[in-house]
Amino acid sequence: MADLARYTDYKTVLCVNILIFSQGKVLLVKRPLTKKVNPGMYCGVGGKVEPGESYLAAAKRELKEEI
């Protein structure tokens, strides 16, 4: 059974998560081992939405920052 305690006591943060599919494959990034939540796990490309930023603008910005 998963230890869900690490997922408590967080504030709500708006974020975007992009999955890129090509030729039957999906691009994932590996989270740094220094992250508090899910270190070393794979996830889609994404991040926080800045105040006043649209979801689409955040997705484009995160794509440029991450890949």
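Residues 24 or more positions apart account for 46% of the contacts in this protein with a separation of 6 or more, where a contact means heavy atoms within 4.5 Å. The model is a predicted one, so to read it properly, note that local features need pLDDT of at least 70, side-chain atom pairs count only at pLDDT 80 or more, and totals for chains, interfaces and linings use all residues. Numbering starts from 1 along each chain as its sequence is written, and side-chain values use heavy atoms, with hydrogens and water left out.

On to the overall layout. The protein has 6 strands and 1 helix, and along the sequence they come in the order β-β-β-β-β-β-α. Helices here are DSSP runs of H or I with at least four residues, strands are runs of E with at least two, and both are numbered from the N terminus. The radius of gyration, taken over C-alpha atoms, is 14 Å, whereas a compact globule of 67 residues would come out near 11 Å. That globule figure follows a rule of 2.2 Å times the number of residues to the power 0.38. Measuring-box style, the C-alpha atoms fill roughly 35 × 35 × 20 Å along the principal axes. The accessible surface comes to about 5800 Å², and 59% of this belongs to carbon and sulfur atoms; areas come from the Shrake-Rupley method with a 1.4 Å probe, and for residues only the protein chains shown count as cover.

As for the inside, 18% of the 67 residues count as buried. Buried means under 20% relative accessible area, exposed means over 50%, and partly exposed is in between, using a 1.4 Å probe and protein chains only. In soluble globular proteins, nonpolar side chains tend to be buried together. Here, the largest nonpolar core has 5 residues, namely Val16, Ile18, Val49, Ala58 and Ala59. Strand S1 (15-18) and helix H1 (55-66) each supply at least two residues of this core. Such a core is a set of buried Ala, Val, Leu, Ile, Met, Phe, Trp, Tyr and Cys residues joined through side-chain atoms within 4.5 Å. One of the core members, Ile18, touches Gly44, Val45, Gly46, Ala59 and Leu63, leaving aside residues up to four places away in sequence.

Right next to Ile18 in the numbering comes Asn17, which also sits in strand S1. Asn17 counts as exposed because its relative accessible area is 54%. Leaving out residues up to four places away in sequence, Asn17 touches Gly44, Val45 and Gly46. Asn17 and Cys43 are 26 residues apart in sequence, yet their C-alpha atoms are 8.3 Å apart in space.

What about the helix? Glu62 has its place in H1 and counts as buried because its relative accessible area is 5%. With residues up to four places away in sequence not counted, Glu62 touches Val16, Val45, Gly46, Gly47 and Lys48. Gly47, one of those partners, lies in strand S6. At 19% relative accessibility, Gly47 counts as buried too. Gly47 touches Leu14, Cys15, Val16 and Glu62, again without residues up to four places away in sequence. Gly47 and Thr12 are 35 residues apart in sequence and 13 Å apart in space, C-alpha to C-alpha.

The loops have their own details. Glu53 lies in the loop between strand S6 (45-48) and H1. Apart from residues up to four places away in sequence, Glu53 touches Lys48, Ala58 and Arg61. From Glu53 to Cys43 there are 10 residues in sequence and 22 Å in space, C-alpha to C-alpha.

Two other loop residues deserve a look for their backbone angles. Most residues other than glycine have a negative phi. Gln23, though not a glycine, has a positive phi of about 50°. Gln23 is in the loop between strand S2 (20-22) and strand S3 (25-27), and with a relative accessible area of 77% it is exposed. Asn38 is not a glycine either, and has a positive phi of about 55°. Asn38 is found in the loop between strand S4 (29-30) and strand S5 (42-43), where its 24% relative accessibility makes it partly exposed.

Finally, the charges. The protein has 11 positive and 7 negative charges, and their mean positions are 5 Å apart. Lys and Arg count as positive and Asp and Glu as negative, while His and the chain ends are not counted. The place of a charge is taken as NZ of Lys, CZ of Arg, CG of Asp or CD of Glu.
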